[in-house]
There are 2 protein chains.
Amino acid sequence: MPSPGHETARITALDVLDVRFPTSEHLDGSDAMNPEPDYSAAYVVLRTDAADELEGHALAFTTGRGNDVQAGAIEALAPFVVGRSVEEVCGDLGGFSRRLVHDPQLRWLGPEKGAMHMATGAVVNAAWDLAAKRAGKPVWRFLGEMTPQELVAQVDFRWLSDALTPEEALDILERAEPGRQERISRLLERGYPAYTTTPGWLGYSDEKLARLAREAVADGFTQIKLKVGASVEDDVRRMRVAREAVGDDVRIAVDANQRWDVAPAIEWMRRLAPYHPYWIEEPTSPDDILGHAAVRRSVAPIKVATGEHIANRVVFKQLLQAGAVDIVQIDAARVGGINENIAILLLAAKFGVPVCPHAGGVGLCEMVQHLSMFDYVAVSGSLDDRVIEYVDHLHEHFADPVRIAEGHYLAPTAPGLGAQMLPESLKEYTYPDGPVWSARA
Amino acid sequence: MPSPGHETARITALDVLDVRFPTSEHLDGSDAMNPEPDYSAAYVVLRTDAADELEGHALAFTTGRGNDVQAGAIEALAPFVVGRSVEEVCGDLGGFSRRLVHDPQLRWLGPEKGAMHMATGAVVNAAWDLAAKRAGKPVWRFLGEMTPQELVAQVDFRWLSDALTPEEALDILERAEPGRQERISRLLERGYPAYTTTPGWLGYSDEKLARLAREAVADGFTQIKLKVGASVEDDVRRMRVAREAVGDDVRIAVDANQRWDVAPAIEWMRRLAPYHPYWIEEPTSPDDILGHAAVRRSVAPIKVATGEHIANRVVFKQLLQAGAVDIVQIDAARVGGINENIAILLLAAKFGVPVCPHAGGVGLCEMVQHLSMFDYVAVSGSLDDRVIEYVDHLHEHFADPVRIAEGHYLAPTAPGLGAQMLPESLKEYTYPDGPVWSARA
């Protein structure tokens with residue numbers, strides 16, 4: 001839907017906001033490595049001079065301190081974006097993302113990891129939000145209606161070719177092409193399966209855990225998740241409480257948030273095994289591919305899952321090559337944006353491993369649902385053993401919050417990526433000068 | 001040497017400077033991934049109110065753009081440092097570094113990788129500089145005269161125990177204890193072997209390459225290094241020029257700076273093999289442990305080296321576990337500081353792999369020589385196949401620049417880490433307001 005001046009429109013600004021929520025005042029979100037997170041967003045807005053007045057919104061998620069560093073990393077990308085043609089950026093998001101990722105000076109700060117790479121992800125995702133809005137589609141459909149060739153062009157195959165070539169990627173996408181419309185219809189009718197972490201935060205009492213676990217089942221969830229890793233005795237007790245609350249037919253995943261070395265991970269899971277945990281998430285360092293492989297060999301049939309802190313596609317590639325994971329947990333705001341997540345979805349499809357995204361935080365549910373729905377429509381073509389994490393935090397701050405019904409994410413219909421926050425929320429929670437924070441100072 | 005008020009002294013400031021050198025105006029420092037670097041330092045100074053007026057100086061190295069992001073990441077650590085007791089920080093550098101590394105909020109920006117982890121490294125190294133100055137010793141001797149127990153206490157063993165336990169580390173250090181004084185004397189007499197990258201930058205003509213290679217040999221170097229990876233035809237020719245210039249007895253290492261995927265790396269090295277390259281450095285992504293292992297299997301007897309972009313000890317651990325490297329290339333300013341580098345030296349000793357540090361940039365030679373000399377004195381106890389990289393850039397800006405003679409680093413004698421720059425250099429090259437940059441604006 002071109003508007004007047006469309007073809008000559010430029011990106012005129014890259015605005016960055018430091019937005020923080022004082023979530024550490026409650027114990028929601030507490031786990032073995034994150035005892036007191038203040039869920040935060042380094043929030044980016046791309047503005048243009050196009051007559052359509054559309055903007056691109058996205059964010060990098062952090063847990064409080066350092067959100068200013070993250071915001072600074074995003075600001076460092078402004079010279080690569082401001083002044084560029086909207087048409088050129090939105091028409092070649094693969095090239096756009098590669099230019100950011102491979103800047104020969106900025107890449108020294110990674111390469112492709114940490115604050116600088118997360119910044120790239122935020123800016124790339126904001127460009128996708130803008131492009132999808134211009135197309136009038138939610139991102140999952142915008143992606144799901146691209147041709148296989150267009151999708152392959154989004155991917156940076158550097159360092160992947162020993163595991164996935166462009167030809168193999170094209171083949172995966174072409175094989176999934178026939179059923180696309182049927183799967184789009186199914187998503188619109190029934191949504192995408194979710195699981196919930198709401199009952200299982202470390203700070204909760206046994207009574208609260210049991211009550212929330214029962215409520216989750218009553219709400220239609222078939223999988224819940226418990227945070228573990230602080231005390232094995234407590235975890236055995238909490239696992240028993242949860243198992244008794246939900247019965248034998250509901251999956252209970254557990255999540256150690258990187259707390260263990262390899263041997264303690266195996267021993268801890270041996271203690272929890274009688275209660276049949278479905279997967280162990282982040283048993284050890286996210287960088288430890290060989291460690292995950294060792295844990296997986298020892299804890300089977302309990303599955304091993306990781307991904308929310310995996311820096312980039314090269315590490316995901318190796319987790320798959322090494323047989324180190326049963327579940328790939330992509331995150332919408334950790335890697336270099338949608339383009340890199342397309343690569344990771346293709347790698348997972350190549351190795352036949354299901355993708356169950358990490359979500360929660362600020363806006364991660366809103367964003368990542370698009371990637372799973374796209375995966376179903378155009379990549380894996382499957383819902384088997386696939387669930388998106390759901391956490392019931394902070395959705396009220398979003399213009400188009402996720403909608404959950406009967407344990408499913410309902411397919412979003414509004415154009416864009418879903419990361420756009422309400423103007424009043426951005427104002428209230430700006431750090432350190434917004435009213436929420438100045439009242440606390 | 002306690003001074004008045006010593007025991008109650010506090011760290012009063014953490015100052016950060018953005019210092020950049022316009023090195024991109026020449027082709028010194030150019031390689032296949034870094035065509036136009038402006039060698040830069042996010043420079044940190046710890047000040048105290050102690051009567052001795054000693055300061056802790058260190059830096060994170062970057063290649064230009066993003067140095068402000070790096071400086072911001074260092075500033076984010078000020079609340080963890082300013083106001084703390086000098087005695088407590090310098091008396092427990094292991095505990096100090098662990099508190100920075102494991103802050104539950106800041107670690108989200110890594111964990112232990114990228115700008116935030118490099119910032120931790122800079123601050124930790126500044127604390128070591130201060131501690132060594134207080135002890136009146138250069139860091140290599142300050143470390144080399146600690147007891148094995150004191151050294152083990154510096155190391156964060158989290159995520160290492162499947163490869164190295166505290167007991168094994170203690171055993172390595174105790175085995176090397178007997179010959180310490182003899183090795184210290186040898187270093188003071190003859191220094192530590194170096195190799196030079198000066199002849200081999202990509203931007204140089206064949207004539208300049210040949211001339212600089214001959215000069216290097218005449219200066220006493222027994223190993224030189226060539227940058228490769230832009231054009232295989234050019235590299236074959238440059239390798240031939242270099243081999244003819246230095247003869248058969250001088251080692252020629254080549255460095256691809258991450259340019260290749262696995263298969264192209266193997267093929268490229270097949271083309272260079274007739275000229276007997278000694279090692280191939282950074283053949284592919286620094287995150288690709290399995291990729292390095294595959295390259296190593298295929299290119300032997302050419303050795304595989306990497307490390308300057310390896311994010312942390314967990315990745316080094318796996319490179320060693322997987323048999324992916326013949327040479328471990330530590331860097332003084334990439335990981336979380338001296339404490340993490342002690343862990344990496346211990347891992348390398350455990351696996352019997354020599355450490356040949358990356359250096360160059362700004363101040364990397366000045367800092368990393370201390371780690372290699374400490375390794376020789378107290379960890380590996382060996383100089384076999386060990387060389388420190390030497391690049392003849394920017395040393396004139398340092399208060400105690402490296403001294404090279406007959407292809408060796410002479411052992412530094414001034415107290416501290418050697419990263420302290422001259423006040424006039426800091427002033428001249430401050431970005432963007434120093435005279436060097438304002439004149440260019």
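Helix α1 (residues 67-75) of chain A lies across β1, β2 and β3 of chain A and runs at about 175° to β1(A). Here helices (H or I, at least four residues) and strands (E, at least two) are DSSP runs, numbered from the N terminus. Angles run from 0 to 180 degrees between N-to-C directions, and axes are lines fitted to C-alpha atoms, for helices over the stretch in contact. The model is predicted, so local features need pLDDT of at least 70 and side-chain atom pairs count only at pLDDT 80 or more, while totals for chains, interfaces and linings use all residues. Residues are numbered from 1 along each chain as its sequence is written, chains are lettered from A and ligands numbered from 1 in the order in which they are written, and side-chain values use heavy atoms, with hydrogens and water left out.

The sheet beneath this description is open and has three strands in the order β1-β2-β3 (chain A), with antiparallel pairing. Two strands pair if DSSP finds at least two bridges between them. At the edges stand β1 (11-20) and β3 (56-62) of chain A, each of which pairs on one side only. On average, neighbouring strands of this sheet are turned by 20° against each other, direction ignored. Strand β2 (residues 40-48) of chain A is joined to β3(A) by seven bridges, and the two run antiparallel. Within β3(A), A58(A) stands opposite V44(A).

The two chains come next. A turn of 180° and a shift of 0.0 Å along the axis lay chain B on chain A with an RMSD of 0.0 Å, where copies are superposed by least squares on the C-alpha atoms of residues with pLDDT of at least 70 in both. The two copies are therefore related as by a two-fold rotation axis. In chain B, the C-alpha of G114(B) is the nearest to the axis, at 2.2 Å. Both copies use the same surface, as 100% of the contact residues of chain B recur in chain A; contact means heavy atoms within 4.5 Å.

Helix packing can be followed through α15 in each chain. In chain A, helix α14 (residues 338-351) and helix α15 (residues 364-379) pack at an angle of about 50°, with their axes 11 Å apart. α14(A) and α15(A) are therefore oblique to each other, given that angles under 35 degrees count as roughly parallel, over 145 as roughly antiparallel, 65 to 115 as roughly perpendicular and the rest as oblique. The residues of this contact include I338(A), L345(A) and A349(A) of α14(A) and L371(A) and F374(A) of α15(A). They divide into eight nonpolar, one polar and one charged; Ala, Val, Leu, Ile, Met, Phe, Trp, Tyr, Cys and Pro count as nonpolar, Asp, Glu, Lys and Arg as charged, and the others, Gly among them, as polar.

In chain B, the axes of helix α8 (residues 180-190) and helix α15 (residues 364-379) come within 8 Å and cross at roughly 150°. This makes α8(B) roughly antiparallel to α15(B). Among the residues that meet are R180(B) and L187(B) in α8(B) and M373(B) and Y376(B) in α15(B). By class, this contact has six nonpolar, no polar and three charged residues.

Some backbone details complete the picture. Most residues other than glycine have a negative phi, and most peptide bonds are trans. A cis peptide bond, with omega about -10°, joins G110(B) and P111(B), and P111(B) is found in the loop between α3 (93-101) and α4 (114-135) of chain B. The bond from A300(B) to P301(B) is also cis, with omega near 10°. P301(B) lies in the loop between α12 (289-299) and β8 (303-306) of chain B.
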